[in-house]
Amino acid sequence: QPTQVVVRFRADQAFYVREREWHPTQRLTALADGRLELAFRAGGAFEIIRWILGWGDAAEVVRPATLRRAVAGILRAAATVYDD
């Protein structure tokens, strides 16, 4: 089911996010501190999660909360792989 997705990017990545169209419904919002928010309406959580994870720590899911929790859980699990 399509939902509104908002992802916030670090300021040093804003140029790269702006340089292409990620989704036909996208809307970009520049924040005062240089960060950039990308909002779009889409479904397919698996694909969205994989895309967000590709940005590493440069991207933060703002909403929906379910997507934010899913990405956070994956990142926590991935970090345990590197714990010594």
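Start by selecting strands β1 and β4, which run antiparallel and are joined by 4 bridges; strands here are DSSP runs of E with at least two residues, helices are runs of H or I with at least four residues, both are numbered from the N terminus, and two strands pair if DSSP finds at least two bridges between them. The model is a predicted one, in which local features need pLDDT of at least 70 and side-chain atom pairs count only at pLDDT 80 or more, while totals for chains, interfaces and linings use all residues. Residues are numbered from 1 along each chain as its sequence is written, and side-chain values use heavy atoms, with hydrogens and water left out.

**Strand β1 and its partners**

Stay with β1, and select Phe9, which stands opposite Ala59 in β4. Next add strand β3 (residues 36-42), with which β1 pairs in the antiparallel sense over 7 bridges; here Val6 has Ala39 of β3 as its bridge partner. If you colour β1 by accessibility, you will find that 5 of its 7 residues are buried, where buried means under 20% relative accessible area, exposed means over 50%, and partly exposed is in between, with a 1.4 Å probe and protein chains only.

**The aromatic rings**

Now show the side chains of Phe, Tyr and Trp, whose rings (for Trp, the six-membered ring) pair if their centres lie within 6.5 Å, with planes under 30 degrees apart counting as stacked, over 60 as edge-to-face and the rest as tilted. By this rule the count comes to 7 aromatic pairs. Select Phe9 and Trp51, whose ring centres are 6.0 Å apart and whose planes stand at 70 degrees, so that this pair is edge-to-face. The pair links distant parts of the chain, since Phe9 is in strand β1 and Trp51 is in helix α2 (residues 45-53), 42 residues apart. Phe9 counts as buried because its relative accessibility is 1%, whereas Trp51, at 23%, counts as partly exposed.

Then move from Trp51 to Trp55, whose ring centre is 4.9 Å from that of Phe9, with the planes at 70 degrees, so this pair is also edge-to-face. Trp55 lies in the loop between α2 and β4 (59-63) and Phe9 in strand β1, so the pair ties together parts that are 46 residues apart in sequence. Trp55 is buried, with a relative accessible area of 16%. To see the whole group, select Phe9, Trp22, Phe40, Trp51 and Trp55, which form one aromatic cluster.

**Around the cluster**

Select Val17 in helix α1, which counts as buried at 0% relative accessibility. Contact means heavy atoms within 4.5 Å, and, not counting residues up to four places away in sequence, Val17 touches Phe9, Trp22, Leu28, Leu36 and Trp55.

Next select Gln13, whose place is in the loop between β1 (3-9) and α1 (14-18). Gln13 is buried, with a relative accessible area of 17%, and, leaving aside its neighbours within four places in sequence, Gln13 is in contact with Trp55 and Ala58.

**A last stop in helix α3**

Finally, select Leu67, which is found in helix α3 (residues 65-82) and which counts as buried at 7% relative accessibility. If you draw a line from C-alpha to C-alpha between Leu67 and Val6, the two are 9.8 Å apart in space, although they are 61 residues apart in sequence. Leaving aside its neighbours within four places in sequence, Leu67 is in contact with Val5, Ile48, Ile49, Ile52 and Val61.
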